Amino acid sequence: MAHRFLLSTNGSSARFAFIFTVSLSCTYLCYSIIFCRSTIMTTQGYEGRRCSPSKNAAGKKLLGKLNDCASLEVSSALDESAARRGSSDVREQSKAPSSSGSHWADVKLRNMSVVQKYGNKKLPNALIVGVKKGGTRAVLEFIRIHPDVRALGTEPHFFDRNYDRGLDWYRGLMPRTLDSQITLEKTPSYFVTREAPRRISSMSHVTKLIVVVRNPVTRAISDYTQTLSKKPDIPTFEELAFKNSSLGVVDSSWNAIRIGMYILHLENWLQYFRLSQMHFVSGERLITDPAGEMGRVQDFLGLKRIITDKHFYFNRTKGFPCLKKPESSGQPRCLGKSKGRTHVQIEREVIEQLQEFYRPFNIKFFETVGQDFKWD
């Protein structure tokens, strides 16, 4: 009897121990599931709020100006969208050689997408004011690949033709820029417009001015060649350039001749701007040494020298330097078909007469700007 009681007691204890163990295991399992779920949800919430790290130092600097992570996520989405679209504006702004400029070109691409969304439209800090047929388009296209420059691609002609539209209209034409970037525009006719210096000074008396000059005789022939391509029925170059060709009397009222009398126009500018606010680019050296000329332009604008000789190659067909192709493009970037066109043939005697006419103007111009452009 005692033996049967002992067996019954041992069986009950075993069952109790088994049930207790199972209950304890279930309780532990439930707590574990609840705890893990809470941890996973918290971690996911944190990850969703965390800002993505910038891919490069320049991107960090730019994105650091934004206030919160939401802004960073929008910026990242804009970057990816702009890269996929391959927008012409971004591509033009980010031209660089595949061998040496891929890093800063990538920075430029990211910067532009941020600028397009978060930058401001500002009045220009610098202007390319002249001269027509001197090489202004080349300077604009070369300088606008710099990541700290944003340039208007078209000529607004605000200070000569559209001044009555007002500064708000003018500002509205400008590309968006960050505070660290320069806003630039080009209109070559400003240099020979009498009212332009006063009007620009009224906008800002600290504006920096770039003037691209070229041998005035070559410039006049180039000017005539362009006009002839549009109006084939115009008189010959000699008929327009001289009042009396037999006597060698030059017609200085003809615009193609008058533009090259640089000192007369410069004297007007110096009434409103210091000479130190003006930088004169040699149109000839822009062809033979584009990196050197653009290096001096970058110095004048207070920019780091990013545009170097590694960005250029000489196109023998056009007789003009072109930008090397970036990684994102299969073609190198050259100026349009109208640039580098063959000039009309002018008799040597006519060229010599014009050189003699321009000589006193050139000498005074060289003395004033402190440079000898060696046009004789």
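Student: At what angle do helix 9 and helix 15 pack?

Tutor: Quick heads-up: this is a predicted model, where local features need pLDDT of at least 70, side-chain atom pairs count only at pLDDT 80 or more, and totals for chains, interfaces and linings use all residues. Residues are numbered from 1 along each chain as its sequence is written, and side-chain values use heavy atoms, leaving out hydrogens and water. Helix 9 (residues 216-230) and helix 15 (residues 348-369) have axes 9 Å apart (lines fitted to C-alpha atoms over the stretch in contact, with angles from 0 to 180 degrees between N-to-C directions). The angle is about 125°.

Student: Which residues of helix 9 meet helix 15?

Tutor: On the helix 15 side, look at Ile351, Leu354, Gln355, Tyr358 and Asn362. Meeting them (contact means heavy atoms within 4.5 Å) are Pro216, Val217 and Ile221.

Student: Why is helix 8 largely enclosed by the rest of the structure?

Tutor: Helix 8 packs its buried residues (under 20% relative accessible area, 1.4 Å probe, protein chains only) against strand 2 (126-130), helix 7 (167-173), strand 6 (208-213) and helix 12 (262-269). Among those buried are Ala196, Pro197 and Met203. Helix 8 is largely enclosed because its buried residues number six of the eight.

Student: Which are the edge strands of the open sheet?

Tutor: Helices (H or I, at least four residues) and strands (E, at least two) are DSSP runs numbered from the N terminus. Five strands line up in the order 3-5-2-6-9, with parallel pairing (at least two DSSP bridges between two strands). Each edge strand pairs on one side only, and they're strand 3 (149-151) and strand 9 (278-282).

How values were computed: Buried means under 20% relative accessible area, exposed over 50%, partly exposed in between (1.4 Å probe, protein chains only).
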